[in-house]
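Colleague: Got a minute to walk me through this one? I'd like to hear about the ligand site.

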Amino acid sequence: MVEKRKPIPVGEAVSRVIALAGSGKKERVHIEQSYGRTLAEDLRALHPVPPFDRSPYDGFAIRSKDSKHASKDHPVTFTITETIGAGFVASKKVNEFEAARIMTGAKMPEECDAVVMLELTTQTSKNGQESMSIKRAFKKGDNISFTGEDTKEGDVLVQKGTKITPGVVAVLATFGYEYVEVARKPLIGIYATGSELLDVSEELEPGKIRNSNAYMAAAQITAAGGEVRMLGKLDDELESCYASIREAINQVDILITTGGVSVGDFDFLPAIYDKLGAEVLFNKIAMRPGSVTTVAHLNGKLLFGLSGNPSACFVGFELYVRPVINLRLFKTKPHLLKVKARLSKDFPKPNPFTRFVRSKLSYEENGLFAAPNGFDKSSAVTSLAGADCFIVLPGGTRGYAEGDRIDVLLLESAEGSEWPWT
Ligand SMILES: Nc1nc2c(c(=O)[nH]1)N[C@H]1C(S)=C(S)[C@@H](COP(=O)(O)OP(=O)(O)OC[C@H]3O[C@@H](n4cnc5c(N)ncnc54)[C@H](O)[C@@H]3O)O[C@H]1N2
Ligand code: MOO
Ligand SMILES: [Mg+2]
């Protein structure tokens, strides 16, 4: 008798997995290695930015009150005290009707409260004495880049769990973070199971196909911010598979296998979980593709039994593995970002289970559209190449027409969802 499996809703399956996601760990990396990592602590301003009042222009620092009567007909002349370049400070006091030549980024002399751009001045030299004159008045604060105008000391600028972008790197450097606390990448092992599998370098033979899932999953792990351990491929043979998987669990934080989770004579993962004494969280989900996705738990580690069919494997990773990686990276929105879009083609198939259609987004003048991307079977591999989202068609629906409003899960968005499931 073939075992009868009871499908559970996607949201229920995701809940069971993330309840066992475990917690993230921290490590310190040099700022030059920080790009693409995730902050393990809030990033606070350690001092105001800019840290001193400075000139935003090349020009002259003046006391604004001295310019009060300046006009086209009656220019006011200032004696130049010195030149202050960026990185230097005034060495002389600026007195009545005196000005300091100042460059962009240089600290303002204490007595000055306005800057005049070089282009608005007329410069003269008499007996070695440099002067400049202006034809309009300036107010206190004109053309000054004030202390703290960018940020005040103590402000939280970037939150824990944020991916380090080039902009975040700039902020780290500004505050002197030579080393930064980031989330340690969870180490994820991948075993592809299947006696039909050839390596990527091998020629096709009758009955055999190349192992695409392991390379695909490795790329998905890297994209999500995890560390990959490629473990190779296993023949459909119970004892050797069991021994390899048992051994692999000790080497990694999370183990992914692909294939062998359905009810076939050579689908050994269910027997292996049993033999390991692992707790199976579910082995049937009301979704297509990936209904046979199985997740088990052993000694604090999650074992993901992704389907062998490439599209099912891909979807299983994005819905169940990705949020676990994200939670270990301290992300607060660990699931794929959900947005509303319109269908740009009919999708007439009925949906007994929730369907995740590999699709492509387009940004039109009248909004966001999503089009199913080619061959839609669970075994499809080529349609994965152009997919940047999943259209989500709820179970129990009878097909959809062009223009219908649908939910879409984005595969490439840095932003995530707190909980996209209803
Ligand atoms: N009687 C039933 N048969 C099947 C059921 C079912 O409910 N009852 N479910 C079907 C569904 S749905 C799926 S999905 C597949 C899942 O199969 P498995 O996860 O057990 O995977 P395999 O049987 O090992 O392989 C399935 C398919 O995928 C190819 N494959 C496997 N590994 C790779 C790889 N690394 N790279 C590329 N392609 C791979 C494999 O050759 C098979 O064609 O079961 C259905 N059957
Ligand atoms: O598990 Mo299968 O991928 O539902 O088609
Ligand atoms: Mg099978």
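Colleague: Where does UniProt place the feature "domain: MoaB/Mog"?

Modeller: Bear in mind that this is a predicted model. The UniProt record is an unreviewed entry. It puts "domain: MoaB/Mog" at residues 189-327.

Colleague: And over residues 189-327, how far apart are the end C-alpha atoms?

Modeller: That stretch is 36% helix and 28% strand. From one end C-alpha atom to the other, the separation is 18 Å.

Colleague: On to ligand 1: which residue has a side-chain N or O atom 3.0 Å from a nitrogen atom of the ligand?

Modeller: The residues that come nearest, of the 25 around ligand 1, are E196, N211, G260, S262 and G308. G260 uses a backbone N or O atom, 3.0 Å from a ligand oxygen, and G308 likewise offers a polar backbone atom at 3.0 Å from an oxygen of ligand 1. The side-chain partner of the ligand nitrogen is N211.

Colleague: How much of the accessible area of ligand 1 does the protein cover?

Modeller: On its own, ligand 1 has 870 Å² of accessible area. The space it takes is the second largest pocket. The share covered by the protein is 70%.

Colleague: Which strands each supply at least two residues of the shell around ligand 1?

Modeller: One of them spans 187-193 and the other 209-210. They are strand 11 and strand 13.

Colleague: Last one: how many residues of that shell are polar?

Modeller: Seven shell residues around ligand 1 are nonpolar and five are charged. The polar ones number 13.

Definitions and conventions
Residues numbered from 1 in each chain as written. Chains lettered and ligands numbered in written order. Predicted model: local features only at pLDDT ≥ 70, side-chain atom pairs only at ≥ 80, totals over all residues. Heavy atoms only, no water. UniProt positions renumbered as here; feature names shortened; annotations may be inferred. Helix = DSSP H or I, 4+ residues; strand = E, 2+ residues; numbered from the N terminus. Near = heavy atom within 4 Å. Polar contact = N/O pair within 3.5 Å; in protein donor to acceptor, adjacent residues only side chain to side chain. Areas by Shrake-Rupley, 256 points an atom, 1.4 Å probe, with all protein chains shown as cover. 1 Å grid on protein atoms, 1.4 Å probe; cavity = no way out; pocket = protein on both sides within 12 Å on 5 of 7 lines; lining within 4 Å. Sits in = over half its atoms within 2 Å of the grid points. Nonpolar A, V, L, I, M, F, W, Y, C, P; charged D, E, K, R; others polar.
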